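Student: May I ask for a close look at a single part of this model? I should like to follow one region residue by residue, with enough of its surroundings to place it.

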Amino acid sequence: IKLYQQILSNYPQYQRADEATFYLASALQEIGKRDKAVKEFTRLVRTYPESRLVSDAYVMIGEYYFDNNNAYKALVAYRKAASFGRDSEKYAFSMYKLAWCYYNVGEYGKSIDTMKAVVAHAMAEASKEDGKARSRIQLQEEALKDLVRFFADAGEMDEAYAYFNKLGKKDLI
């Protein structure tokens, strides 16, 4: 932590300052200083908006606010993380957490639509041969289980039956 802080204060023009900021924030988070970590992640996204680590930083900001029961701020962060597109490594997870944020603020329609997008994305990506198929399948299964709850709480059981029947997942209803 001290080394990252020294690099950032003594060499503000360092070409990999975005990485130093990200790793400083990650280290602070690991030792339980989450408030300081989120400040560093926020500094990263503001100071280095072109960094390849920005989507990861937005996810970490979202996690901080989600864990602190601030669904609105978490929603904003996850939406920004997801905005990096379907090719982003954090896209599916960001969308998954975004769906939960919509659910937590009572926007059931958006939560259902977003979680459906997670399932569709995971299904489309499941066939890729890149060693991540297991995590995609796990995310898909979690999203499907969560959709049961979303549909039930929204009172959309007819839509739930149609959706799960279409996917061949009658056992979830």
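Tutor: Contact here means that heavy atoms lie within 4.5 Å of each other. The model is a predicted one. On that definition, 46% of the contacts in the protein between residues at least 6 apart in sequence join residues at least 24 apart. The protein has nine helices and zero strands, and its elements read α-α-α-α-α-α-α-α-α from the N terminus on. Taken along the principal axes, the C-alpha atoms fill a box of roughly 60 × 35 × 25 Å. Of the 173 residues, 43% count as buried.

The part to examine is the region around Glu63, a residue of helix H4. Is Glu63 buried or exposed? Buried means under 20% relative accessible area, and Glu63 has a relative accessibility of 17%, so it counts as buried. Setting aside residues up to four places away in sequence, the residues that Glu63 touches are Arg34, Tyr78, Phe93 and Lys97. For one of these partners, Lys97, the separation can be given in two ways: Glu63 and Lys97 stand 34 residues apart in sequence, while their C-alpha atoms are 8.5 Å apart in space.

Lys97 itself belongs to helix H6. With a relative accessible area of 10%, Lys97 is also buried, because it falls under the 20% limit. Apart from neighbours within four places in sequence, Lys97 makes contact with Glu63, Phe66 and Tyr78. Tyr78 is thus among the partners of Lys97 and among those of Glu63. A further pair sets Lys97 against Lys33: the two are 64 residues apart in sequence, and their C-alpha atoms are 22 Å apart in space.

Helix H6, residues 91–104, also holds Ser94. Its relative accessible area is 0%, and Ser94 is therefore buried. Beyond its neighbours within four places in sequence, Ser94 is in contact with Val59, Tyr78, Ala81 and Ala82. Tyr78 appears once more in this set.

The same part of the chain can be followed to the second largest pocket, which has a volume of about 190 Å³. Which elements give two or more residues to its lining? They are helix H3 (34–47), helix H4 (54–67) and helix H5 (71–82). H5 gives the most, with four residues. The lining is made up of Thr42, Val45, Arg46, Tyr58, Ile61, Tyr65, Lys73, Val76, Ala77 and Lys80. By class, six of the lining residues are nonpolar, one is polar and three are charged.

Between H4 and H5 runs a loop that contains Asn69. Although Asn69 is not a glycine, it has a positive phi of about 55°. Asn69 has 74% relative accessibility and so counts as exposed, whereas Glu63 counts as buried. Asn69 and Asn104 lie 35 residues apart in sequence, with their C-alpha atoms 9.1 Å apart in space.

Two places elsewhere in the chain complete the setting. One is in helix H1, residues 2–10, where Gln6 is located. Gln6 is partly exposed, its relative accessible area being 45%. Its C-alpha atom is separated by 14 Å from that of Ala27, a residue 21 places away along the chain.

The other is a helix pair. Two packed helices are described by the angle between their axes and the distance between the axes. Helix H7 (residues 108–125) and helix H9 (residues 157–167) have axes that come within 13 Å and cross at roughly 0°. H7 and H9 are therefore roughly parallel to each other. On the H7 side, the contact is made by Ile112, Lys116, Val119 and Met123, and on the H9 side by Glu159, Tyr163 and Leu167. These contact residues divide into five nonpolar, no polar and two charged.

To return to the region requested, Glu63 of H4 is buried and touches Lys97, which is in H6. Ser94 of H6 is buried as well.

Key. Residues are numbered from 1 along each chain as its sequence is written. This is a predicted model: local features need pLDDT of at least 70, side-chain atom pairs count only at pLDDT 80 or more; totals for chains, interfaces and linings use all residues. Side-chain values use heavy atoms; hydrogens and water are left out. On a 1 Å grid over the protein atoms alone, a cavity is a set of points where a 1.4 Å probe fits but cannot get out, and a pocket is an open set with protein on both sides within 12 Å along at least five of seven lines; lining residues have an atom within 4 Å of a point. Grid points are joined across faces, edges and corners, and a volume is the space filled by probe spheres set on the points. Ala, Val, Leu, Ile, Met, Phe, Trp, Tyr, Cys and Pro count as nonpolar, Asp, Glu, Lys and Arg as charged, and the others, Gly among them, as polar. Axes are lines fitted to C-alpha atoms, for helices over the stretch in contact, and angles run from 0 to 180 degrees between N-to-C directions. Angles under 35 degrees count as roughly parallel, over 145 as roughly antiparallel, 65 to 115 as roughly perpendicular and the rest as oblique. Buried means under 20% relative accessible area, exposed over 50%, partly exposed in between (1.4 Å probe, protein chains only).
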